[in-house]
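The following exercises concern the structure shown below. Please work through each task before reading its solution.

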Amino acid sequence: MRLSEEEQSTILLTDPYRSYIMPCILKNIKLIIKKLNSFIKSLTFSFRISYDSNKHYFLKRIIMQMFEGLVPIINVFLAKEIINNIVNAVNTNADVYYTLSSNIILLFIVNILNGIVSTYSEVYANIHKDIITNYINVQINSKVSSLDMSFFDSPYLYNELIRR
């Protein structure tokens with residue numbers, strides 16, 4: 001069913017959703033997409049700098065962060081299994097000592113590994129941070145060494161170089 005132009009203009013004037021809210025939503029969506037695009041560009045730039053500075057530390061840190069992210073999920077799963085084993089033991093009077101003790105030991109091992117990985121992750125993060133800082137300083141120095149000497153005669157530009 002097709003509306004006439006008069007009916008369409010009447011709907012636009014009387015329907016606040018179409019006349020006011022839709023342009024605002026579209027405007028906000030465009031702004032969100034623009035900010036998301038800017039965020040993704042910044043993130044890829046950061047990853048590129050981190051990766052280019054030292055590939056091994058970057059990969060080690062990514063693996064450690066993924067393990068640290070999985071530990072809470074593993075803890076919840078093992079806690080669920082421990083509770084299920086206790087409930088099954090109470091309800092069925094079955095011997096679940098082996099599975100219960102293995103789940104508790106596994107939970108203990110996962111938490112110890114998490115502590116070790118967290119410690120090494122902090123050490124690697126500090127070392128990698130220093131490597132990234134050094135890499136950026138080397139990049140800046142190589143750019144500065146390629147500049148013309150007249151650049152350093154300008155106080156404004158020299159001040160910009162020192163501040164960065």
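## Exercise 1: Aromatic pairs

F47, Y51 and F58 form one aromatic cluster. The model is predicted: local features need pLDDT of at least 70, side-chain atom pairs count only at pLDDT 80 or more, and totals for chains, interfaces and linings use all residues. Residues are numbered from 1 along each chain as its sequence is written, and side-chain values use heavy atoms, with hydrogens and water left out.

Task: State how many aromatic pairs the structure holds, and describe the pair of F47 and F58.

Solution. Step 1: rings of Phe, Tyr and Trp (its six-membered ring) pair if their centres lie within 6.5 Å; planes under 30 degrees apart count as stacked, over 60 as edge-to-face and the rest as tilted. The structure holds three such pairs.

Step 2: the ring centres of F47 and F58 are 5.8 Å apart and the planes stand at 75°, so this pair is edge-to-face. Because F47 lies in helix 2 and F58 in helix 3, the pair ties together parts that are eleven residues apart in sequence. Helices (H or I, at least four residues) and strands (E, at least two) are DSSP runs, numbered from the N terminus.

Step 3: buried means under 20% relative accessible area, exposed over 50%, and partly exposed in between (1.4 Å probe, protein chains only). F47, at 40% relative accessibility, therefore counts as partly exposed, whereas F58, at 14%, counts as buried.

Step 4: Y57 and Y124 also form an edge-to-face pair, with 5.4 Å from centre to centre and 65° between the planes. This pair links distant parts of the chain, Y57 being in helix 3 and Y124 in helix 4, 67 residues apart.

## Exercise 2: Salt bridges

Task: Identify the two salt bridges and classify the accessibility of D52 and R48.

Solution. Step 1: the criterion is a side-chain nitrogen of Lys or Arg within 4 Å of a carboxyl oxygen of Asp or Glu. One salt bridge joins the side chains of D52 and R48 at 3.6 Å, N to O; K80 and E81 meet in another, at 3.2 Å, N to O.

Step 2: D52 and R48 are four residues apart in helix 2, which means that about one helical turn separates them. D52 has a relative accessible area of 30% and is partly exposed; R48, at 48%, is also partly exposed.

Step 3: K80 is partly exposed at 40% relative accessibility, and E81 is partly exposed with a relative accessible area of 22%.

## Exercise 3: Surface patch and helix 4

Task: Determine which helix gives the most to the nonpolar patch, and compare the span of helix 4 with its expected value.

Solution. Step 1: patches are made of residues with over 30% relative accessible area and no salt bridge, with like charges joined within 9 Å and nonpolar side chains (Val, Leu, Ile, Met, Phe, Trp, Tyr) within 5 Å. L36, F39, I40, L43, F47, I62 and M66 form a nonpolar surface patch with about 650 Å² of accessible area together (Shrake-Rupley method with a 1.4 Å probe; for residues, only the protein chains shown count as cover).

Step 2: helix 2 (16–53) and helix 3 (55–92) each supply at least two patch residues; helix 2 gives the most, with five.

Step 3: the expected span of a helix is 1.5 Å times one less than its number of residues. Helix 4 (residues 97–145) has 49 residues and reaches 70 Å from its first C-alpha to its last, close to the 72 Å expected. Its buried residues include V110, N114, V117, S121 and Y124.
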